[in-house]
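Here is a friendly walk through one protein model, written for someone who likes to look at charges, contacts and sheet topology. Have the viewer open as you read.

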Amino acid sequence: MLRRRSFLKNAAAAVYAPLGNLVSRAAESKRVAFGGIRIECSTYSRIRARMEDFTVRRGQALVDDPAYRPLKNYPYPFRPTLIASAVPGGPVERKTYEALKAEFLHRVSDLLPLDGLYLAMHGAMYVDDMQDADGDWIAAAREVVGKDCLITASFDLHGSLSRRTIDTLDMLSAYRTAPHIDYVETTQRACDMLVHCLDQRVRPSMVWAPIPVLMPGERSSTLYEPAKRLWAQLPAMNAEPGVLDASLLVGYVWADEPRATACAVMTGTNLDVLKKNALSLAQQYWDARKEFQFGVPTANLFDCIDQAQRLSTKPVLISDSGDNPTAGGTGDRAEVLAALLLRKVNDAVVAGIADRPATEACYRAGVGATIPLDIGGTLDPQGSLPVEVKAKVVFLLKTDDLPERQAVIDIDGIKVVLTARRRPFHEIRDFTSLGLEPASFKIVVVKAGYLVPPIHAIANPNLMALTDGAVNQDIVHLPANKYRVPSYPFVPDLEWKPFTVVSARSPKAS
Ligand SMILES: [Zn+2]
């Protein structure tokens, strides 16, 4: 809180630029709306995100969403439109995107005139046959609200920004932690800035420094160097006079798009300070590019299993990183199960494999039944082969909601969680709600990259298996890189000098 106050005070002391027709409206009666779309899409995935994959919150349900509860603390209401969010995955089906966008724009236009708009974005959305889908959404919103409305946005630090996005927004804030534990704070940063600018009649500038470096999130966790020290500088930069926000984004590596790069973005009122900081961050990121490494030991799948068996500690958490649904993996692959069976492991839990037919078969058979199952490869049959097993059904989650169904089966001591829909297993309660105590197993397999704090806390230790899938960590060998701009490590000997772009809406740029 102190940090937020001090940066707002510093910003207020900086140069102001007039805000067009906002000046004529009463300061206490600002009209502000919020909405957005949040999904991360691997362009290497063969599955599609359709309407049923999105959770769409509208109206009061959106106002009451805990993630956006801070918006209730401002002096005027943030009026809800809609926010559509989905587990990361493959590209969004075009008609799903168009339907969500049309409804969002309709809801925005119902609230006109607006002085401010907050967009909750992820930044790594890919829509079938559409480059820069996030930029398309943001530009469409600008068209509806008009040029005088101030637009702020929050992004995941794995979002990728485009020139269009920079030129359309007035300000933005990105997460500063990976794993992401500051999403509420990021919303606050983005909206504090908007409210400040509306109240003080400030039209800020944005300075963008794209950095031609791409890393998987697993090599750029802010828990480890060099990301730790790079991101640690942002609060101090944010506190400098003339700065409203300092953001540094890793970008999204599993997207074959020109905008997919890291970048620094500064928002504020003092262009010199913004440029200085953006250049400094970009240069430091570039200089550190060869330092980015996995934060935990990595190995191929069989080596991970063999190492886990040799260790005297437990539970050994093995991350099935190539099929991590929280990064865009399909989540239906059963290769780890096949490897555990081949190695005759008899004390392990695999959580989970998205396989609706196998889940349904378990519900039909009932607890206690032993049934033959083909597990895996149901969402993307081209991606991987199923594993044939005979399994005993040991638990069925009670739910009337078919996509929420989860079944636990036992195959010679290996427990496998089958899920009707793609979902992560990040929380201890994800296991305990199924009658599983993860710490009691020798090996716990999760479809994840880096582990988020609750599950990380029990890992003893964590090994990352470099498995195949739509978010394969072997990024330089990703197929069909047609649209990327030259970037490290795809071009290992790339030469580059940092530069900045001042956004088109910046007062001094117009
Ligand atoms: Zn992220």
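## A charged pair between distant parts

Glu 291 has a relative accessible area of 38%, so it counts as partly exposed. Bear in mind that this is a predicted model. Arg 229 is likewise partly exposed, at 38% relative accessibility. The side chains of Arg 229 and Glu 291 form a salt bridge, with an N to O distance of 2.7 Å. The two partners come from distant parts of the chain, 62 residues apart: Arg 229 sits in helix α7 (residues 227-232), while Glu 291 belongs to the loop between α9 and β10.

## A buried arginine without a salt bridge

The loop between α9 (271-287) and β10 (298-299) also holds Arg 289. Which side chain of opposite charge is nearest to this buried residue? It is Asp 287, 5.0 Å away, and Arg 289 has no salt bridge. A salt bridge here requires a side-chain nitrogen of Lys or Arg within 4 Å of a carboxyl oxygen, which means that a 5.0 Å separation does not qualify.

What does the side chain of Arg 289 reach instead? The backbone oxygen of Trp 286 lies at 2.8 Å from it. Leaving aside residues up to four places away in sequence, Arg 289 touches Val 213, Met 215 and Tyr 488.

## More salt bridges

Across the whole structure, the search finds 31 salt bridges. One of them joins Arg 405 and Glu 360, at 2.8 Å from N to O. Arg 405 is in the loop between β14 and β15, and Glu 360 is in helix α12 (residues 356-365), so this pair ties together parts 45 residues apart in sequence. Both Arg 405 and Glu 360 are buried.

Arg 259 and Glu 257 form another salt bridge, their closest N and O atoms being 3.2 Å apart. Arg 259 counts as buried because its relative accessibility is 8%, and Glu 257 counts as buried at 2%. These two residues are linked with Asp 132, Asp 134 and Arg 164 in a network of salt bridges.

## The nine-stranded sheet

Nine strands make up an open sheet with mixed pairing, in the order β10-β18-β11-β17-β12-β16-β15-β14-β13. Strands β10 and β13 (370-375) stand at the edges with a single partner strand each, so one side of each has no neighbour in the sheet. Helix α10 (residues 301-310) packs on this sheet, touching β10, β11 (316-320), β17 (443-446) and β18 (462-465), and its direction makes about 160° with that of β18.

Helix α11 (residues 335-342) lies across β11, β12 (348-354), β13, β14 (387-396), β15, β16 and β17, and runs at about 165° to β16. Within the sheet, β15 (residues 406-411) and β16 (residues 414-419) are antiparallel partners over six bridges. Gln 406 has Thr 419 in β16 as its bridge partner.

## A buried valine and its contacts

Val 253 lies in the loop between β8 (243-249) and β9 (262-268). Is Val 253 buried or exposed? With a relative accessibility of 1%, Val 253 counts as buried.

Which residues does Val 253 touch, not counting those up to four places away in sequence? They are Tyr 44, Leu 214, Met 215, Pro 216, Ile 475, Leu 478, Arg 484 and Phe 490. Met 215 also appears among the contacts of Arg 289. Finally, Val 253 and Leu 161 are 92 residues apart along the chain, with their C-alpha atoms separated by 13 Å.

Key. Residues are numbered from 1 along each chain as its sequence is written. This is a predicted model: local features need pLDDT of at least 70, side-chain atom pairs count only at pLDDT 80 or more; totals for chains, interfaces and linings use all residues. Side-chain values use heavy atoms; hydrogens and water are left out. Helices (H or I, at least four residues) and strands (E, at least two) are DSSP runs, numbered from the N terminus. Buried means under 20% relative accessible area, exposed over 50%, partly exposed in between (1.4 Å probe, protein chains only). Lys and Arg count as positive and Asp and Glu as negative; His and the chain ends are not counted. A polar contact is a pair of N or O atoms within 3.5 Å; within protein, one must be able to donate a hydrogen and the other to accept it, and residues adjacent in sequence count only if both atoms are side-chain atoms. Contact means heavy atoms within 4.5 Å. Two strands pair if DSSP finds at least two bridges between them. Axes are lines fitted to C-alpha atoms, for helices over the stretch in contact, and angles run from 0 to 180 degrees between N-to-C directions.
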